[in-house]
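Visitor: Hi! Could you walk me through a few local details of this one?
Guide: Happy to, let's pull it up.

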Amino acid sequence: MTDGSDLTDWLQTIRIFRGLSRSQLRSIAQIAQLKQFKKGEPIFQQGSEATGFFVVKTGRVKIFKVSANGKEQIIHFVNARENFAEVPALDGKCFPASATAIEPTESIFFPRMAFLGLLHQAPDIAINLLISLSQHLRNQSRLIEELSFKNVPQRLASYLLNLSDRTTNTTVDLDLSKSQLAAALGTIPATLSRAFYRLSSEGMISINGSQIELLDRDRLHKLSQSIEQE
């Protein structure tokens with residue numbers, strides 16, 4: 001896929017490359033490298049040299065940091081057609097977090113120096129990157145707010161509402177293991193289980209295995225927006 005018109009067609013569907021000319025997309029395709037990762041395989045480690053950035057073709061990636069005491073905090077998940085690690089690829093510093101494939105993943109890798117050369121030739125790419133970086137910054141601000149001002153039931157309510165909004169269904173399938181979801185919400189599995197029990201016992205959700213039915217979106221939304229602490 002890293003040769004010919006197939007990759008060029010695919011690149012124009014990626015947010016940071018939208019609106020570029022055919023010739024610009026062909027130039028980007030020429031430096032692209034296909035990389036494959038098994039489930040659980042590291043893509044890069046926090047502190048390692050940033051040699052480029054990635055766009056997920058298929059699969060899913062988690063971006064996370066690990067504290068000195070070994071606690072993992074998931075920063076965000078990267079889905080198909082989304083890019084990641086573009087900040088260190090631009091500033092040349094080390095990766096500030098780690099990335100691991102949480103399912104078999106194919107990604108397109110763009111080497112740093114070759115991509116920087118393209119930026120000088122095509123300022124439109126830089127504008128698209130700025131928009132992408134702004135969206136990442138908004139997500140980071142939201143994560144800081146959630147961890148600082150909301151307790152675990154509130155974070156869980158917000159997560160379920162966002163998942164429901166993405167799928168446009170009132171019943172959602174949890175796409176993460178309990179440990180992964182707990183790490184994403186900045187807690188531990190036992191505390192997460194208690195949060196699920198609270199939302200269920202108060203009639204806001206119904207749980208059937210990995211399927212969660214949102215019974216009262218209004219109350220979930222009210223809970224997710226409150227700032228009471230645990």
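Guide: We can go through a sheet, a pair of helices and a few loop residues, keeping in mind that this is a predicted model.

Visitor: Sheet first, then. What is the strand order in the open sheet of 3 strands?
Guide: The order is β9-β11-β10, and the pairing is antiparallel. β9 (171-173) and β10 (205-208) are the edge strands, each pairing on one side only. From one strand to the next, the twist averages 20 degrees.

Visitor: How many bridges join β9 to β11?
Guide: There are 3 bridges between β9 and β11, which covers residues 211-214. One residue to look at is T171, whose bridge partner in β11 is E213.

Visitor: And which strands does α8 touch when it packs on the sheet?
Guide: α8 touches β10 and β11, and its direction makes about 120 degrees with that of β10.

Visitor: While we're by α8, where does T187 lie?
Guide: T187 is in the loop that links α7 (178-184) to α8 (189-201).

Visitor: Is T187 buried or exposed?
Guide: Buried, because its relative accessibility is 12%, and the cut-off for buried is under 20%. Leaving aside residues up to four places away in sequence, T187 touches V152, A182 and L192.

Visitor: Switching to helices: at what angle do α2 and α4 cross?
Guide: Roughly 165 degrees, with the axes of α2 (residues 22-31) and α4 (residues 112-121) coming within 10 Å. α2 is therefore roughly antiparallel to α4, as angles over 145 degrees count that way. Their crossing is right-handed.

Visitor: Which residues meet there?
Guide: From α2 you have S27, I28 and I31, and they meet A114, F115 and L118 of α4. Sorted by class, this contact has 5 nonpolar residues, 1 polar and no charged ones.

Visitor: Now backbone oddities. What is the phi of R81?
Guide: R81 has a positive phi of about 75 degrees, although it is not a glycine. You'll find R81 in the loop between β5 (72-78) and β6 (83-84). With a relative accessibility of 41%, R81 counts as partly exposed.

Visitor: What about the phi of A85?
Guide: A85 is not a glycine, yet its phi is positive too, at about 70 degrees. A85 sits in the loop between β6 and α3 (86-91).

Visitor: Buried or exposed, that A85?
Guide: A85 counts as buried, because its relative accessibility is 14%.

Methods
Residues are numbered from 1 along each chain as its sequence is written. This is a predicted model: local features need pLDDT of at least 70, side-chain atom pairs count only at pLDDT 80 or more; totals for chains, interfaces and linings use all residues. Side-chain values use heavy atoms; hydrogens and water are left out. Helices (H or I, at least four residues) and strands (E, at least two) are DSSP runs, numbered from the N terminus. Buried means under 20% relative accessible area, exposed over 50%, partly exposed in between (1.4 Å probe, protein chains only). Contact means heavy atoms within 4.5 Å. Axes are lines fitted to C-alpha atoms, for helices over the stretch in contact, and angles run from 0 to 180 degrees between N-to-C directions. Angles under 35 degrees count as roughly parallel, over 145 as roughly antiparallel, 65 to 115 as roughly perpendicular and the rest as oblique. A crossing is left-handed if the near helix is turned anticlockwise from the far one by less than a right angle, and right-handed if clockwise. Ala, Val, Leu, Ile, Met, Phe, Trp, Tyr, Cys and Pro count as nonpolar, Asp, Glu, Lys and Arg as charged, and the others, Gly among them, as polar. Two strands pair if DSSP finds at least two bridges between them.
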